[in-house]
Amino acid sequence: MCGRFVMARAVGDLVAQAGAVPPEADFELRESYNVAPTADVAVVLERLVEETPQRELHRARWGLLPGWAKDPSFSSRTFNARSETVVTKPSFRSAVRARRCAVPVDGYYEWLKPTKGSGSQRKRPFYVHPEDDSVMFFAGLYEWWKDPEAEATGEPAWVLSTTILTGASPDDAEQDGVLGELGRLHDRLPLPMGPEMMEAWLNPEKLDSADEAEALVQRVRERAFAVAGGWRLDEVGPAVGNVRNNGPELLEPVAGDPQESLLP
């Protein structure tokens, strides 16, 4: 699961790391150290311009809104998509064949549940991020949704929305180092992509069948751990649990109890 993340990059830096064309001059992306579902986030997608794929940066609502959604509140439960069912689930099956994107983040937060017998009832938040401070690119999907109330409210009629694909975390019984830590932290993992996988995932041509889509999703899952092997986990303070807290101080590591370490 991925329910909170950080994106505090300058637009120019993000464009460079994504290999995208520069956006329109009025494109704005506010830095946030505590991004929550339904907020506006950056997405990277490709579309055909004169038969040539063009990689672009857009702003989207975090939480997918399929065309048949009745209102924007639907997105509060579609900010993640399980990769194992994304090809068949009605909310995602159309997008996975034709509207794939990448969601760039600096890092994300995950909460470790207390172990039985530990005497603690508090979940411990961790900040997961690349060791080299590069951008993570998570496999995602996007949709355009037309707001039926837009004319009355004066809001834009079309809303771009997105979701992040997740998969099973590494088996902590078989993994050492950061992969083992990720397995012990949570049973789900947002699926990251390296440059080669990202190029295949963003291909704007529609896939001919659900089987083709399933094969592509499987490739993302198979390669995710190789990317995640370059991450690190830092325990951070409980302030991140309140979405109103939003500043770089949320990333400051705290000293944990060695007896409760995620390390083997």
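This is a short walk through the empty spaces of a predicted model and the packing of two of its helices.

Let us begin with the empty space. Rolling a probe the size of a water molecule over the atoms shows where such space is left. In this structure, the largest pocket holds about 600 Å³ of space. It is lined by 20 residues, and those closest to its centre are Arg59, Ala60, Trp144, Trp158 and Leu160. Try finding these five in the 3D view.

Which strands supply at least two residues each of this lining? They are β4, covering residues 52-62, and β10, covering residues 158-168. Strand β4 gives the most, with 6 residues. Taken together, the residues lining the largest pocket divide into 11 nonpolar, 1 polar and 8 charged.

Next come the cavities. A search of the whole structure finds 1 cavity of 30 Å³ or more, and about 30 Å³ of space lies in the largest cavity. Its lining is made up of Glu46, Ala98, Arg99, Arg100, Tyr142, Trp201, Leu202, Asn203 and Pro204. Of these lining residues, 5 are nonpolar, 1 is polar and 3 are charged.

Keep Trp201 in mind, one of the residues in that cavity lining, and turn to the helices. Two packed helices are described by the angle between their axes and the distance between the axes. Here the pair is α5 (residues 195-202) and α6 (residues 210-228), whose axes come within 11 Å and cross at roughly 165°. Angles over 145 degrees count as roughly antiparallel, so α5 is roughly antiparallel to α6. The crossing of α5 past α6 is left-handed.

Which residues make the contact? From α5 come Glu196, Met197, Ala200 and Trp201, while α6 brings Leu216, Val217, Arg219, Val220 and Arg223. The residues of this contact divide into 6 nonpolar, no polar and 3 charged. Trp201 thus appears both in the lining of the largest cavity and in the contact of α5 with α6.

Notes: Residues numbered from 1 in each chain as written. Predicted model: local features only at pLDDT ≥ 70, side-chain atom pairs only at ≥ 80, totals over all residues. Heavy atoms only, no water. 1 Å grid on protein atoms, 1.4 Å probe; cavity = no way out; pocket = protein on both sides within 12 Å on 5 of 7 lines; lining within 4 Å. Points joined across faces, edges and corners; volume = space filled by probe spheres on them. Nonpolar A, V, L, I, M, F, W, Y, C, P; charged D, E, K, R; others polar. Axes fitted to C-alpha atoms, helices over the stretch in contact; angles between N-to-C directions. Helix = DSSP H or I, 4+ residues; strand = E, 2+ residues; numbered from the N terminus. Parallel < 35°, antiparallel > 145°, perpendicular 65-115°, else oblique. Left-handed = near helix turned anticlockwise from the far one by under 90°. Contact = heavy atoms within 4.5 Å.
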